[in-house]
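Here are a few exercises to work through with the model open beside you. Try each task before you read its solution.

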Amino acid sequence: MTVEEQLAAALAEMENLRMAIAEKDCLIQDLQNKLLYDILRRQILSSEYIQIDESVMPVIDNEKHKARKGYEWCVRDAVSGDVIFYYDRGSRGHHVAREILSRYRGNAQCDGYEAYDQFEKMLGITVYGCWAHVRRKFVDSLKENERLAMEGILYKKTVQGGERCGR
């Protein structure tokens, strides 16, 4: 083997080692990120008061080569303000809410999505609605009965004292 061939082989071996080290670094980083996420998730779900919501987001369908509607879940510690996001293949299914809240004990504020109904009778968890969603129902009914809808909006404003959800 010539010197040039030996040098090329050594450089190739060094590149292979560099790639292997980079791959291991990525694995280590992934493990560290998962550990930090799990710690934050446990901390948030030990709070006495959380807020949870699922939001629409585009999800790439690799088979159809286009985006479809998917969901990402957000859980917020209403006391500290800490937040985690939870993604389960873009699902909005009731099983995702169960996965997130199955061991939670405390007060959970959410919108009126029926996935949260399963927690209504569960011991140790109290489910609350969101004032912004209540207000939206009154606004939606303005055309149907303006006087009653305005009473509801004004009552809500008096009770809550503002427009922000979770306050």
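A residue counts as exposed when its relative accessible area is over 50%, as buried when that area is under 20%, and as partly exposed in between. Keep in mind that this is a predicted model.

**Exercise 1. Two positive phi angles**

Task: Find where arginine 89 is located and decide whether it counts as buried or exposed.

Solution:
- Start with the location: arginine 89 belongs to the loop between β3 and α2.
- Next, take its relative accessibility, which is 63%, so arginine 89 goes down as exposed.
- Now look at the backbone: phi of arginine 89 is near 50 degrees, a positive value in a residue other than glycine.
- Try the same steps on histidine 65, which you'll find in the loop between β1 and β2. Its relative accessibility of 68% makes histidine 65 exposed, and its phi is positive too, near 55 degrees.

**Exercise 2. Aromatic pairs**

Task: Work out how the rings of tryptophan 73 and tyrosine 116 are arranged, and which parts of the chain they tie together.

Solution:
- A pair of aromatic rings is described by how far apart the centres are and by the angle of the planes.
- The rule used here finds two aromatic pairs.
- For tryptophan 73 and tyrosine 116, the ring centres are 6.2 Å apart and the planes stand at 75 degrees; planes over 60 degrees apart count as edge-to-face, so that's what this pair is.
- Tryptophan 73 sits in strand β2 and tyrosine 116 in the loop between β4 (106-109) and β5, so the pair links parts 43 residues apart in sequence.
- Check burial as well: tryptophan 73 has a relative accessible area of 0%, so it is buried. Tyrosine 116, at 2% relative accessibility, is buried too.
- Tyrosine 113 also pairs edge-to-face with tyrosine 116, at 6.1 Å centre to centre and 85 degrees between the planes.
- Put the rings together and you have one aromatic cluster made of Trp73, Tyr113 and Tyr116.
- One last partner: the charged end of arginine 92 sits over the ring of tyrosine 113, 3.7 Å from the ring's centre.

**Exercise 3. The nonpolar core**

Task: Say which residues have the most contacts inside the largest nonpolar core, and which element gives the most to it.

Solution:
- The largest nonpolar core holds 21 residues, and those with the most contacts inside it are Ile50, Ile52, Trp73, Val75, Ile100 and Leu101.
- Sort by element: β1 (49-61), β2 (66-77), β3 (83-86), α2 (94-101) and β5 (125-128) each give two or more residues to this core.
- Of the elements, α2 gives the most, with four residues.
- Zoom in on leucine 101: leaving out residues up to four places away in sequence, it touches Leu45, Ile50, Ile52 and Phe119.

**Exercise 4. The whole chain**

Task: List the order of the elements, then explain why the chain is called more spread out than a compact globule.

Solution:
- Count first: the protein chain has four helices and five strands.
- Read from the N terminus, their order is α-β-β-β-α-β-β-α-α.
- The radius of gyration is 25 Å, well over the 15 Å that the globule rule gives for 167 residues, so the chain is more spread out than a compact globule.
- Then look at the box: along the principal axes, the C-alpha atoms fill roughly 95 × 35 × 30 Å.
- To finish, buried residues make up 26% of the 167 residues, and the chain exposes about 12100 Å², with carbon and sulfur atoms supplying 56% of that area.

Terms used: Residues numbered from 1 in each chain as written. Predicted model: local features only at pLDDT ≥ 70, side-chain atom pairs only at ≥ 80, totals over all residues. Heavy atoms only, no water. Core = buried A, V, L, I, M, F, W, Y, C linked by side-chain atoms within 4.5 Å. Buried < 20%, exposed > 50% of the residue type's maximum accessible area, 1.4 Å probe, protein only. Contact = heavy atoms within 4.5 Å. Phe/Tyr/Trp six-rings, centres within 6.5 Å; stacked < 30°, edge-to-face > 60°. Lys NZ or Arg CZ within 6 Å of the ring centre and 35° of its normal. Rg over C-alpha atoms; globule rule 2.2 N^0.38 Å. Areas by Shrake-Rupley, 256 points an atom, 1.4 Å probe, with all protein chains shown as cover.
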